[in-house]
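Trainee: Could you take me closely through one part of this model, starting at a loop and moving on to what follows and what surrounds it?

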Amino acid sequence: MRELLRKIIRTGRVAEDPPARPGGAVPEAAAELRGSVQIRHVDAGSCNGCEVEIASAFGPVHDAERYGARLVASPRHADALLVTGPVTRNMRVALRRTHEAVPAPKVVVALGDCARGCGVFAGAYGVAGAVDDVVPVDTEVPGCPPEPEAIVAALRGLTGR
C-alpha cells in the first residue's frame, strides 16, 4: 500500500491538456448562461445513431461535463435542448411543449443531419419537418451521426470553456 502511495505522489497528475477553445459566434442566449449549461436531450424521431454519439460525448473519453455541459432529466431544469432526428408528426406538439417548459434564456441545438434538414427521412409520410420548422434553432451540428468531438465542440461553444 505504501509503495502505491509513493508511486502516486511521484507520478503526480496524468491527464492530457484540453484542446484549444472553440472559435466562432456564441448564440446570444448562451452568453447569459455563464459557463455552465444544463441540457435536456429530446429524440424527435431519430434512428438512435446520434444518441450513441451523445453517450460517447458524455462518457469518460470525451467527458463533456468537464467543460460545463450536463444532461438533466427535466426541461424545467434545463438551459438548452439537444434535439436529434427529424421531427415526426407525433413529436411536433411534444417538442413545442418541451421548448416552452425550458425557462429563458434558452438555447436549442439541432444535432445531426436529420435534425438540420430531415436527412434521409426528408419527404417521409410521418415527418413534420426539421427542428427549425417547429422551434427556433440557435446552433447546428452537422454529421450523420456527428462525431463526439463535434458534439463536445458545439457544447464548448455554448459554455465558453
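Mentor: His 77 is found in the loop between E2 and E3, where strands (E, at least two residues) and helices (H or I, at least four) are DSSP runs numbered from the N terminus. This is a predicted model, in which local features need pLDDT of at least 70 and side-chain atom pairs count only at pLDDT 80 or more, whereas totals for chains, interfaces and linings use all residues. Residues are numbered from 1 along each chain as its sequence is written, and side-chain values use heavy atoms, with hydrogens and water left out.

His 77 counts as exposed because its relative accessibility is 57%; buried means under 20% relative accessible area, exposed over 50%, and partly exposed in between, with a 1.4 Å probe and protein chains only. Beyond its neighbours within four places in sequence, His 77 is in contact (heavy atoms within 4.5 Å) with Gln 38 and Val 72. Its C-alpha is also 9.1 Å from that of Ala 101, although 24 residues separate the two in sequence.

Past this loop we come to the strand itself. Five of the five residues of E3 are buried, so the strand is largely enclosed by the rest of the structure. In a regular strand the side chains alternate between the two faces of the sheet. In E3 both faces are covered, with Ala 80, Leu 82 and Thr 84 buried on one side and Leu 81 and Val 83 buried on the other.

The sheet around E3 is open and has five strands in the order E2-E1-E3-E5-E7, with parallel pairing; two strands pair if DSSP finds at least two bridges between them. E2 and E7 (139-141) are the edge strands, each pairing on one side only, and the twist averages 30° from one strand to the next. Five bridges join E1 to E3, and within this pairing Val 42 has Val 83 as its bridge partner in E3. Five bridges likewise join E3 to E5, where Leu 82 is partnered by Val 109.

Two helices lie across these strands. H3 crosses E1, E2, E3 and E5 and runs at about 135° to E3, while H4 crosses E1, E3 and E5 at about 160° to E3; axes are lines fitted to C-alpha atoms, for helices over the stretch in contact, and angles run from 0 to 180 degrees between N-to-C directions. In H3, Cys 50, Glu 51, Glu 53, Ile 54 and Ala 57 are buried. They lie on the same side of H3 because they cover an arc of only 160° around the axis, the arc being that of the directions from the helix axis to the C-beta atoms. Val 52 and Ala 55, on the other side of H3, are exposed. The cover over the buried residues of H3 includes E1, E2 (69-71), E3, E5 and H6.

In H4 (residues 92-101) we find Thr 98, which counts as buried because its relative accessibility is 17%. Apart from neighbours within four places in sequence, Thr 98 is in contact with Val 42, Pro 75 and Leu 81, so that both a residue of the E1–E3 bridging and one of the buried residues of E3 appear again here.
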